[in-house]
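User: I'd like to learn how to read a fold from its strands, helices and charged pairs. Can you take me through one?

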Amino acid sequence: VATLTEYRQTGAATAFIEALLPEMASRGHVISSLYAFKESYYRKFGYETCGWRWKISCPQSRFPRPSVTLPVRQIAPEDVEALDGAYLPFIAARSGSCVRSLADWKHRLGKKTPMIYAVGDPVEGYFWGSMEQFWGDLTIGEMAWGTKRGYESLLGVMAGMGSNQSRIIWNEPPDSPFLASYLDQGASFEVARPTMFRVLDVPGALRGLKTAQAGSFSIEVHDALMPQNAGPWRVVFSPEGVHVEATDSADFAMDIRHFSQAYMGQPSLDDLARQGVVTIANVAGFDSATRLLTPLPVVCMEFF
């Protein structure tokens, strides 16, 4: 999506996005996400950075070699839906990704189908990748796992696959197991493809949450472009559901950008309070909100 050169600096893109926000909300969408060409541009529309991939580059000599405890097989493109065995639990543990249909899977694989490898039967982890020459780079395009042993087996397969390469390059979500357990001298991490999110319908988004906790709080959200999101809203939640209604006062207040982050889970509501972007009038109410707006790593597995 881009503005034609002859129409730039005319306000066309601003008018388009400001009209698009209520249009998306009217069609039932409660949240919007994007990859920004420049994050500062989209902040004025209520979007905020939330989630990324770690792009990890590790010399082959420093790459870990855990045991491959699961069966390994190559997956044919027509059998790509079998990867849901790892993909679905992977995205369920994180915010920011969507359930894929067969058409979505085919779109994600691209025009030139990569080599797809899976571990486990049913699948507990998978990756696809490419390498062009001896002592070059083994580049992994996508990697996901549903279990710890699935992740470890993937590393073992990658180590063998990269034995005649100089580096192995791959992506992991913000809660990277490699960073937590396998980091070694020579490996480098780069924040790659950060995403931005924006809640379009505050009460609708809150009602869509699931929780095993119970509690209540009231919140006010400052949203210059969509004032219907302001509230204040009284939120009562339990395992049976989340009830939201208008009220007269708020336990705490924040703007739509930071609410969108707290809703997705990264930075968490506690993190944002420490950063001074949450105005707290009632600590008990704020503490109750942290039981609903819980921390979660955010990663978008799609490219668009």
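Analyst: Let's go through the sheet, the helices and then the salt bridges. This is a predicted model, where local features need pLDDT of at least 70, side-chain atom pairs count only at pLDDT 80 or more, and totals for chains, interfaces and linings use all residues. Residues are numbered from 1 along each chain as its sequence is written, and side-chain values use heavy atoms, with hydrogens and water left out.

User: In what order do the strands of the open sheet come?

Analyst: Strands (E, at least two residues) and helices (H or I, at least four) are DSSP runs numbered from the N terminus, and two strands pair if DSSP finds at least two bridges between them. Here seven strands make an open sheet, ordered β4-β5-β6-β7-β8-β3-β9 with mixed pairing. β4 (72-74) and β9 (188-192) are at the edges with a single partner strand each, so one side of each has no neighbour in the sheet. On average, neighbouring strands are turned by 25° against each other, direction ignored.

User: How many bridges join β7 to β8?

Analyst: Three, and β7 (residues 137-145) runs parallel to β8 (residues 167-172). Leu 138 sits opposite Ile 168 in β8.

User: Which strands does helix α5 lie across?

Analyst: Contact means heavy atoms within 4.5 Å, and angles run from 0 to 180 degrees between N-to-C directions, with axes fitted to C-alpha atoms, for helices over the stretch in contact. Helix α5 (residues 148-161) lies across β4, β5 (115-119), β6, β7 and β8, at about 165° to β7. Helix α3 (residues 84-92) crosses β6 (125-130) and β7, at about 75° to β7.

User: What about charged pairs? Are Arg 108 and Glu 142 buried or exposed?

Analyst: Side chains of opposite charge can pair when their charged atoms come close. The cut-off for a salt bridge is a side-chain nitrogen of Lys or Arg within 4 Å of a carboxyl oxygen of Asp or Glu, and the whole structure has 15. In one of them, Arg 108 and Glu 142 bring their closest N and O atoms to 2.9 Å. That pair links distant parts of the chain, helix α4 (residues 102-109) and strand β7, 34 residues apart. Both residues are buried; that means under 20% relative accessible area, with exposed over 50% and partly exposed in between (1.4 Å probe, protein chains only).

User: Where do Lys 148 and Glu 152 sit relative to each other?

Analyst: They are four residues apart in helix α5, so about one helical turn separates them. Their salt bridge is 2.4 Å, N to O. Lys 148 is exposed at 63% relative accessible area, while Glu 152 is partly exposed at 21%.
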